[in-house]
Amino acid sequence: MAAGGGAYQWSGARAYEAALLETWSHRDPVELHDLSYLTHYATLAANSHNTQAWRFSLAGTTVSIKPDFTRVTPSADPDDHHLYASLGCAAENLMLAATRQGWAVAGAYAGDAAPAFDIDLTRTGGQQNPLFDAILERQSTRAEYDGEPVEAGLLSALERAAKVEGCEVLLIDDPQQIEQVLDFVLAANTRQVENPAFRRELRSWLRFDGRQAAAARDGLYSACSGNPPLPPLIANAIFDLVFTADAENDKYARQIRSSAGLAVFVSERDDPEHWIAAGRASQRFALEATRQGLRTAFVNQPVEVAELRSQLSAALGLGGRRPDLIMRFGRGPAMPRSLRRPVEAVID
Ligand SMILES: Cc1cc2nc3c(=O)[nH]c(=O)nc-3n(C[C@H](O)[C@H](O)[C@H](O)COP(=O)(O)O)c2cc1C
């Protein structure tokens, strides 16, 4: 039994390791406007459920990142807010990679008629870019952290790095305030876990073993959340038994209480242009945190349940603005990495 389990894990692990090496490696540009090169770094960004709901194209010197509406998650993300925030995360990585190659970048939202984030490239000359260097190291670390606070100077550096026009970041490191937000996370998590549509949708994006993760190269590989790989047939059969509100709430309470603080990203307006800005700010925050030896993970449940989102907005005194994203941060261990589809799958 044990030997069989070992062989099972080993065969899945090999496929996963091979895909991992391909995903998390550096590329060299082979031509001046190298869309493959830029797209590679863009796709290493955080993105909701790892659906990779993005398409990339190049016209002249303008790169466009468009939503892929065949990869939406309507239960967790009914208004596509996270989908646009994920485009923002990818846009930020892409702009950092372009800057590194000597391009000046100017990014703008194209408008709701033909939604896209367009990035104009102008030749300037190579620029040092410390955040670029963290792209390959960043990960969503869904582990318990060490419970230690982060020094004030470092908090200011994170805040500065996350500056993007149209979005503000609110840092919460007071334990009482963290508990207040934790209450919202637990209430929202309970609603989601007890919602059959949410469970169905989440399960469809879970990848239960290395072989399944490597075949899809998208979705949420369970090992990235600290769960042991299991044959998908067995994992599906026991999913309803183990995925309970109590167990999930207990895990989130431990994870949040072990964190140094929370970053709440709040954009000026509640529209796709500003959801993209929130994604960009969160990606910059995570890259700077990574550079400084910190770990980050999103805990977005309270911004995904509309009723609790407005209550959270009031509790944080946001003056009616929408809290876009919530990220916890602190020092902790690395976790297994997620995968990405090859760039050819997302380039038009
Ligand atoms: C808009 C957005 C919302 C997300 N929400 C959550 C969340 O609520 N919980 C979570 O664990 N991860 C969340 N994530 C993280 C993604 O699941 C993660 O980025 C993806 O699986 C890829 O893994 P990586 O960040 O380690 O590269 C979110 C990411 C984005 C961009």
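How far is a nitrogen atom of the ligand from an N or O atom in the side chain of Asn300? In this predicted model, the distance between these two atoms is 2.9 Å.

**View 1. Polar atoms of Phe298, Asn300 and Ser338 face atoms of the ligand.** Besides the pair formed with the side chain of Asn300, in which a ligand nitrogen takes part, a nitrogen atom of the ligand lies 3.3 Å from a backbone N or O atom of Phe298. In the case of Ser338, an N or O atom of the side chain is 3.0 Å from an oxygen atom of the ligand. The ligand taken alone would expose 620 Å², and the protein buries 92% of that area.

**View 2. A shell of 21 residues surrounds the ligand.** The closest members of this shell are Arg138, Ser140, Arg142, Asn300 and Arg340. When the shell is sorted by class, it holds 10 polar, 7 nonpolar and 4 charged residues. Helix α3, which spans residues 81-100, contributes the most to the shell, with 4 residues.

**View 3. The largest nonpolar core is made of 48 residues.** Leu38, Tyr41, Phe56, Ile65, Leu94 and Ile119 are the residues with the most contacts inside this core, and α3 gives the most to the core, with 11 residues. If neighbours within four places in sequence are left aside, the residues in contact with Ile119 include Thr61, Val63, Ile65, Ala91, Leu94 and Met95. A second core, separate from the one just described, has 22 residues, among them Leu154, Ala263, Ala281 and Ala286.

**View 4. Tyr252 is a residue of helix α9.** This helix covers residues 245-257, and Tyr252 counts as buried because its relative accessible area is 16%, which is under the 20% limit used for that word. Not counting residues up to four places away in sequence, Tyr252 touches Leu182, Val185, Leu186, Asn189, Val299 and Gln301. Glu22, by contrast, is 230 residues from Tyr252 in sequence, and the two C-alpha atoms are 32 Å apart in space.

**View 5. Gln52 and Asp80 have positive phi values although neither is a glycine.** Gln52, with phi near 55°, is found in the loop between α2 (35-43) and β1 (54-59), and it is buried, with a relative accessible area of 0%. Asp80, with phi near 65°, sits in the loop between β2 (62-67) and α3, and at 18% relative accessibility Asp80 also counts as buried.

Definitions and conventions: Residues are numbered from 1 along each chain as its sequence is written. This is a predicted model: local features need pLDDT of at least 70, side-chain atom pairs count only at pLDDT 80 or more; totals for chains, interfaces and linings use all residues. Side-chain values use heavy atoms; hydrogens and water are left out. A residue is near a molecule or strand if one of its heavy atoms lies within 4 Å of it. A polar contact is a pair of N or O atoms within 3.5 Å; within protein, one must be able to donate a hydrogen and the other to accept it, and residues adjacent in sequence count only if both atoms are side-chain atoms. Accessible areas come from the Shrake-Rupley method with a 1.4 Å probe; for residues, only the protein chains shown count as cover. Helices (H or I, at least four residues) and strands (E, at least two) are DSSP runs, numbered from the N terminus. Ala, Val, Leu, Ile, Met, Phe, Trp, Tyr, Cys and Pro count as nonpolar, Asp, Glu, Lys and Arg as charged, and the others, Gly among them, as polar. Buried means under 20% relative accessible area, exposed over 50%, partly exposed in between (1.4 Å probe, protein chains only). Contact means heavy atoms within 4.5 Å. A nonpolar core is a set of buried Ala, Val, Leu, Ile, Met, Phe, Trp, Tyr and Cys residues joined through side-chain atoms within 4.5 Å.
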